[in-house]
Amino acid sequence: AQLAAGLQTRLATITGLRAEDYWPSSINPPVAIVLVWPMQRTTIGGDRTYGFTVDVICSVADVERGQANIYEYMDVNGTKSILAAIEAGDTLGGIAAFTQTDEPGQGWSKAELRVIPPNSDRVYMAATLTGSIWVAI
């Protein structure tokens, strides 16, 4: 929970983006939703590795604007860049050794229209960032 809250805090630095460290019962875009889970414990340094995803979800009331918005969040740089927000504080307030995406500077799935929650009639523009967090034990 502490690591998800640390990522949420980093994402909350992006003006206009809501950040959640859990899946909310209703989606209010634009929103970034963080999930963190334990992956493995290394034996060399005793560090623990956690995986994470950040799902960014934008409205498609205007599909063209929704697509432009999600590209801003997926950008490597800029004031709305999720990647830049994480990299600017990759120790998550001192609780992690470092945080990185699966592919340095990348890690994004394609931006696509998704039905959220499944079996509903709500369609959003969404993309998922994946990465890892290393914590010294």
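User: Buried means under 20% relative accessible area. Which residues of helix 2 are buried?

Analyst: The model is predicted. Helix 2 covers residues 63–74. Its buried residues are Gly66, Ile70, Tyr73 and Met74.

User: Within what arc do the buried residues of helix 2 fall, seen down its axis?

Analyst: An α-helix has 3.6 residues a turn, so residues three or four places apart point the same way. In helix 2, the buried residues are Gly66, Ile70, Tyr73 and Met74. They line one face of the helix, because seen down the axis they fall within an arc of 95°.

User: What covers the buried residues of helix 2?

Analyst: The buried residues are Gly66, Ile70, Tyr73 and Met74. Ile70 and Tyr73 are both in contact with Val56, and Val56 is in strand 3. The cover over the buried residues of helix 2 includes strand 3, helix 3 and strand 6.

User: How far apart are the end C-alpha atoms of helix 2?

Analyst: Helix 2 has 12 residues, and at 1.5 Å a residue they should span 16 Å. The model agrees with this, because the end C-alpha atoms are apart by 16 Å.

User: Which residue caps the N-terminal end of helix 2?

Analyst: The cap involves a side-chain oxygen and the backbone nitrogen of Glu64. These two atoms lie 3.2 Å apart. The oxygen, and with it the cap, belongs to Asp62.

User: Is Ser81 buried or exposed?

Analyst: Ser81 lies in the loop between helix 2 and helix 3. It touches Ile14, Glu72, Tyr73, Asp75 and Val76, leaving out residues up to four places away in sequence. Its relative accessibility is 1%, under the cut-off of 20%. Therefore Ser81 counts as buried.

User: The backbone nitrogen of which residue lies 2.9 Å from a polar atom of the side chain of Ser81?

Analyst: The side chain of Ser81 reaches a backbone oxygen at 3.2 Å, and that oxygen belongs to Val76. The backbone nitrogen at 2.9 Å from a polar atom of this side chain is that of Ala84.

User: Which residues touch the most other members of the largest nonpolar core?

Analyst: This core has 29 residues. Two or more of its residues come from each of helix 1 (2–11), strand 2 (31–41), strand 3 (48–58), helix 2, helix 3 (82–87) and strand 6. The members that touch the most others are Leu11, Val54, Val56, Ile82 and Ile133.

User: How many residues are in the other core?

Analyst: This core lies apart from the largest one. Among its members are Val31, Ile33, Ile116 and Tyr124. Its number of residues is seven.

User: What is the relative accessible area of Val56?

Analyst: Val56 is in strand 3. Leaving aside neighbours within four places in sequence, its contacts include Leu17, Ile70, Tyr73, Ile82, Trp108 and Met125. Val56 is buried, with a relative accessible area of 0%.

User: Which residue has a side chain joined to that of Thr128 by a polar contact of 2.4 Å?

Analyst: Thr128 lies in strand 6, and it is buried at a relative accessible area of 13%. Beyond its neighbours within four places in sequence, it is in contact with Thr53, Val54, Asp55, Gly107, Trp108, Ser109 and Arg114. The polar contact of 2.4 Å joins its side chain to that of Asp55.

User: Are the rings of Phe98 and Trp134 stacked or edge-to-face?

Analyst: A pair of aromatic rings is described by the distance of the centres and the angle of the planes. The centres of Phe98 and Trp134 are 4.7 Å apart and the planes are at 20°. Planes under 30 degrees apart count as stacked. The angle here is 20°, so the pair is stacked.

User: How many residues apart are Phe98 and Trp134?

Analyst: Phe98 is in strand 4 (residues 98–101), and Trp134 is in strand 6 (residues 123–135). The pair links distant parts of the chain. In residues, the separation is 36.

User: Which residue does a cis peptide bond join to Ile116?

Analyst: Omega of this bond is about -10°. The partner of Ile116 is found in the loop between strand 5 (112–115) and strand 6. It is Pro117.

User: What is phi of Leu92 near?

Analyst: Leu92 is in the loop between helix 3 and strand 4, and it is buried at a relative accessible area of 5%. Its phi is positive, in a residue other than glycine, and is near 55°.

Methods: Residues are numbered from 1 along each chain as its sequence is written. This is a predicted model: local features need pLDDT of at least 70, side-chain atom pairs count only at pLDDT 80 or more; totals for chains, interfaces and linings use all residues. Side-chain values use heavy atoms; hydrogens and water are left out. Rings of Phe, Tyr and Trp (its six-membered ring) pair if their centres lie within 6.5 Å; planes under 30 degrees apart count as stacked, over 60 as edge-to-face and the rest as tilted. Helices (H or I, at least four residues) and strands (E, at least two) are DSSP runs, numbered from the N terminus. A nonpolar core is a set of buried Ala, Val, Leu, Ile, Met, Phe, Trp, Tyr and Cys residues joined through side-chain atoms within 4.5 Å. Buried means under 20% relative accessible area, exposed over 50%, partly exposed in between (1.4 Å probe, protein chains only). The expected span of a helix is 1.5 Å times one less than its number of residues. The arc is that of the directions from the helix axis to the C-beta atoms. Contact means heavy atoms within 4.5 Å. A polar contact is a pair of N or O atoms within 3.5 Å; within protein, one must be able to donate a hydrogen and the other to accept it, and residues adjacent in sequence count only if both atoms are side-chain atoms.
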